[in-house]
Amino acid sequence: MPAKHAAIDQFRRRLVALVFVDGLLRALLALGVLAVVVVLVGRGFGLPIVPAWNWLWATPLAVVFAAAQALRLPLSAAALAVHLDRRLGLHGLLLAQHEGAELDPAFAQRLDTALAGITQALPSLQWRRILWRPCVVLLLVGAVAALPALDVPVPPPPVAATAALQQLEQQLQELVGQGTLPPEVKEELQQRLQELAAQVATGDADVWRELDDAGRRLARERDAARPPAPAGDGGAAAAAASAAADLLRQVPVADLARAAELLQRSGAWSELQQAAQRQLAAAAGVDGTFDASKLPVDAARLAELARAIADSGLLADAARLAGALSPEQVAELTRMAQGFARAVGAFDRGRELLQRLGGGRGAGQGGDGKNASAGAGAPFGADGPGSIAGSGAARGPGAAALAMTADTDGVAAAPLELPATELRPDDWFASDVRRDAPDVAPQPNQAAGGAGVAGSGGASWQLQVMPRHRGVVRRFFDGARGEAGDKR
Amino acid sequence: MTTMLRADQVARARQLLDTVRRGCNEVLLGQQELVDLCVIALCARGHLLLEGLPGLGKTELVKALGRLLGLSFRRVQFTPDLLPGDITGGPVLQEQGGQRAFVFRQGPLFANVVLADEINRSSPKTQSALLEAMQERAVTVLGETHPLPRPFFVLATQNPIELEGTYPLPEAQLDRFLFKVTVPGVDAEVMTRILTTRRRGEPPPPTAVLSAAELDELFTLVDAVFLPQAVAGYIARLVASTHPTATAPAAVREAVRYGASPRAAIAMGEAARAAALLAGRPNVDFDDVRRVAAPALAHRLVLQHAARIGGSTAATIVDRVLEAVPMVATALPGSVL
């Protein structure tokens, strides 16, 4: 590329860059002024608009503006040559050569010498003329940021929410008064109520949901802090039920699934009891694994399942299993069998304890839901002597009959761990998948009296006309017919 | 591709021009700019109108130019009773071989350099007799056209005062002059030099420094000076800006009644070529145009009466035009230095 073309291109590049910077500063000034105007106008209308960092998302607009300014720079190569010629003091030599004139070698050498020092002639920004723009932006934004906060009138808090909050505070005070609330829980609840008070004061629309949650939390804490019932009444049964529930949680459900998987892999599956096979088969997957969440949630059934695996004697015959399983798997199976034995033992002890405490009332009284023994019988499910009389079917640990006449005491308020589930039940299936539009038979929107509307003239009689106007309308049409007949 | 003048050609032209300038400056002391403009006008083969007070050396300058160029020189003192035939010449009855016949007798216009002294003192009838001579370089008398010798220059002078009994030149006549140059006064130092170096103020008799061949060579070199399109566009924009249109500068809109003609643009282009060569350049630059703008444009503007009464002059209007019209049509952004 000849030197003059390179020089002109270099001049153009520098010019485009400078125009871009200049346009960027202009656009930022405009955006800054706009932001300040928005803030001031908002304050004028009482809106507390405060500059935020996310307003910087508008800066791409400034970049786009600057790029557009730079790209549509209306300077042709000839115009650039003129500018460069004058900046280099060539008195038209560059211009003449750019327009196709052939220079004498002496003049060409002078031109090349001048072009060698083009860096001195490249344009630069007049910072004194453009620096005021960012300064003004900074000053304006700073001044707006320094303005005092707008005193926005806060609407009065809703009366009902305030009353509900006061009720919660009263319940918390009662709980604190009992002295059984752990300090960390107390502090958490107090902090939560303070947050709710702030939300109520600001009129937050979602405060009712928060209030309900806090009420439920307080209720749980109240139930947890409830003192044990006196012995001889339902209190001992409740304590036994609570202990039994704790024991039940020792049944390792995941280990049951794993043990079933290993047993199936070892080929000793058929030696399990038929009932245990059915229950385990319900949790079997297609890949040979067992889903623990599909095992029975009933504690008694889980205990019986564990008992069936532990008592099958398969786990003790390690030599037999060693042929089908690895030593690690055999060791794992042995460890799980020991765990099953402990869990079954704990379950049996819990059942005996409950029978000793609540067995006097016998079956049918444990689940009446009116006293503390109701919850005691629940964990032992359908197979236990204290099964729920009202329902007749176990609903898992913590399930209890609910009496709608009074609060339910005992384990009914204990946290209930629900089994994992799916949104769609297993017995649901997709009957058909189609991609075409549904076949529907549109029905005409035909209201009563529509036939009259479709007619001509007579449709007017279908209108709802007030009784005192009907005579006028009738006389009008009758008169029209009469006049038409007279004219004919 | 256009071939520009070589460096030796430019040097040669400058040498010739410097010779003429030096000779003129020896005659007219302290008037370098005036001498340069006169030399430029001669190189551009244009006519020159000198305006100035009496005693500033206008006539001496013109006489010196004629003699320095080695051309035939005639001086015509324009008076109110001067008739066209007095300058163009006319038929006279002569007896040749026993027969009487009208023979055309050439007037003083038939010279290479004609000094029309105090041209505004003659009647318009006589002034208009110069129109054809200045434009066509020919004289038509009784249906016969007589070409004038080449080169042909009219160097006229006029006095801006003593306007009583004068006939201001019409615009058409003014337009024929390439330059109208106002002769400025001289300072005390120059007058001291005149007093000490010249007896009775008579300048040293100039001798011809250029031959006819050298003058032709000089004209050829001037014609070969390259005029870039950007500079030509600048000339066109300058001339267009002298018209009181909506896009004209405010001074033009307020003071100018009629602007300069395309002949003005042609004159500026030719004068700029000569100015470039005088500056030792093979091409015209914007500065050459600006240098010749005022003497080439000012006398072609017709000012409004109110503006003249208000003190506006054509020279100030041209200055305003030069300030308003940028040399480059597309200027750099204002924030870029």
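## Two chains and a buried arginine

Let us start where the chains meet: the contact (heavy atoms within 4.5 Å) takes 29 residues from chain B and 32 residues from chain A. This is a predicted model, in which local features need pLDDT of at least 70 and side-chain atom pairs count only at pLDDT 80 or more, while totals for chains, interfaces and linings use all residues. Residues are numbered from 1 along each chain as its sequence is written, chains are lettered from A in the order in which they are written, and side-chain values use heavy atoms, with hydrogens and water left out.

The size of an interface is often given as the accessible area lost when the parts come together. Here the buried area (1.4 Å probe, summed over both parts) is about 2,600 Å², and carbon and sulfur atoms give 62% of that.

Between chain B and chain A there is 1 salt bridge, a term for a side-chain nitrogen of Lys or Arg within 4 Å of a carboxyl oxygen of Asp or Glu. It joins the side chains of B:Asp287 and A:Arg86 (3.7 Å, N to O). On the side of chain B that touches chain A, the elements giving two or more residues are α1 (7-27), α9 (229-240) and α12 (286-297) of chain B. Of these, α9(B) gives the most, with 3 residues.

Here are the two chains in a table. Helices (H or I, at least four residues) and strands (E, at least two) are DSSP runs, and buried means under 20% relative accessible area (1.4 Å probe, protein chains only).

| Chain | Helices and strands | Buried share |
|---|---|---|
| chain A | 19 helices, 0 strands | 31% of 488 residues |
| chain B | 14 helices, 11 strands | 50% of 337 residues |

In chain A, residues 24 or more positions apart account for 66% of the contacts with a separation of 6 or more. In chain B, 75% of the contacts between residues at least 6 apart in sequence join residues at least 24 apart.

Now for one residue of chain B. B:Arg137 lies in the loop between α5 (124-136) and β6 (138-141) of chain B. Which side chain of opposite charge is nearest to B:Arg137? That is B:Glu136, 8.6 Å away, and B:Arg137 is buried yet has no salt bridge. The side chain of B:Arg137 does reach the backbone oxygen of B:Met134 at 3.2 Å. Not counting residues up to four places away in sequence, B:Arg137 touches residues including B:Arg45, B:His47, B:Glu132 and B:Phe152.

Note on methods. Lys, Arg positive; Asp, Glu negative; His and termini not counted. Polar contact = N/O pair within 3.5 Å; in protein donor to acceptor, adjacent residues only side chain to side chain. Buried area = accessible area lost by both parts, 1.4 Å probe.
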